[in-house]
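Student: I would like a close look at one part of this structure. Please take the charged pairs on two strands and what sits beside them, and go through it step by step.

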Amino acid sequence: MSVEVEVLGRLTNDPDVRFTQTGKTVCNFTVADQDALSKDKAKTSFIPVVVWNKHGEACGNNLIKGQRVLVKGYWQERSYTDKNNIEKKIVEVVARKVTFLD
């Protein structure tokens with residue numbers, strides 16, 4: 001079961017585009033999402049986003065740090081082992097659609 005999400009905010013960094021060993025494009029970036037429902041206007045969440053294939057290429061070619069985006073996708077949790085051989089977990093949004101707003 002996947003949980004559908006929408007994230008509205010600004011990129012905190014330029015997109016990072018890479019290619020898998022099988023040749024698939026993967027683009028990663030982080031979106032700063034201010035909680036509009038919170039009374040604390042300083043409350044901001046930093047959401048990691050991953051975008052695959054042609055959509056990832058488009059993001060990598062067109063997005064820059066500070067640009068506003070609307071990301072629609074689903075939450076994914078995954079594990080990996082870092083260079084110090086420590087297992088880490090990450091929760092990220094896998095984008096189905098990224099709308100460029102600026």
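Tutor: What follows is a walk through the salt bridges of strands 5 and 6, and then a few other places. Keep in mind that this is a predicted model.

Start with glutamate 77 and lysine 89, whose side chains form a salt bridge with an N to O distance of 3.9 Å. Glutamate 77 belongs to strand 5 (residues 68-81) and lysine 89 to strand 6, so this pair ties together parts that are 12 residues apart in sequence. Glutamate 77 and lysine 89 are both exposed.

Next come arginine 78 and glutamate 92, which also meet in a salt bridge, here at 2.7 Å from N to O. Arginine 78 is in strand 5 and glutamate 92 in strand 6, 14 residues apart, and the pair links distant parts of the chain. Arginine 78 counts as partly exposed because its relative accessibility is 33%. Glutamate 92 has a relative accessibility of 2%, so it counts as buried; the cut-off for buried is under 20%.

Strand 6, which spans residues 87-100, also holds valine 91. Valine 91 has a relative accessible area of 43% and is therefore partly exposed. Together with Val3 and Trp75, Val91 makes a nonpolar surface patch of about 250 Å².

The count of salt bridges comes to 6. One of them joins the side chains of aspartate 16 and arginine 18, at 2.9 Å from N to O. Aspartate 16 is partly exposed, at 30% relative accessible area, whereas arginine 18 is exposed, at 51%.

Methods:
Residues are numbered from 1 along each chain as its sequence is written. This is a predicted model: local features need pLDDT of at least 70, side-chain atom pairs count only at pLDDT 80 or more; totals for chains, interfaces and linings use all residues. Side-chain values use heavy atoms; hydrogens and water are left out. Patches are made of residues with over 30% relative accessible area and no salt bridge: like charges are joined within 9 Å, nonpolar side chains (Val, Leu, Ile, Met, Phe, Trp, Tyr) within 5 Å. Accessible areas come from the Shrake-Rupley method with a 1.4 Å probe; for residues, only the protein chains shown count as cover. A salt bridge is a side-chain nitrogen of Lys or Arg within 4 Å of a carboxyl oxygen of Asp or Glu. Helices (H or I, at least four residues) and strands (E, at least two) are DSSP runs, numbered from the N terminus. Buried means under 20% relative accessible area, exposed over 50%, partly exposed in between (1.4 Å probe, protein chains only).
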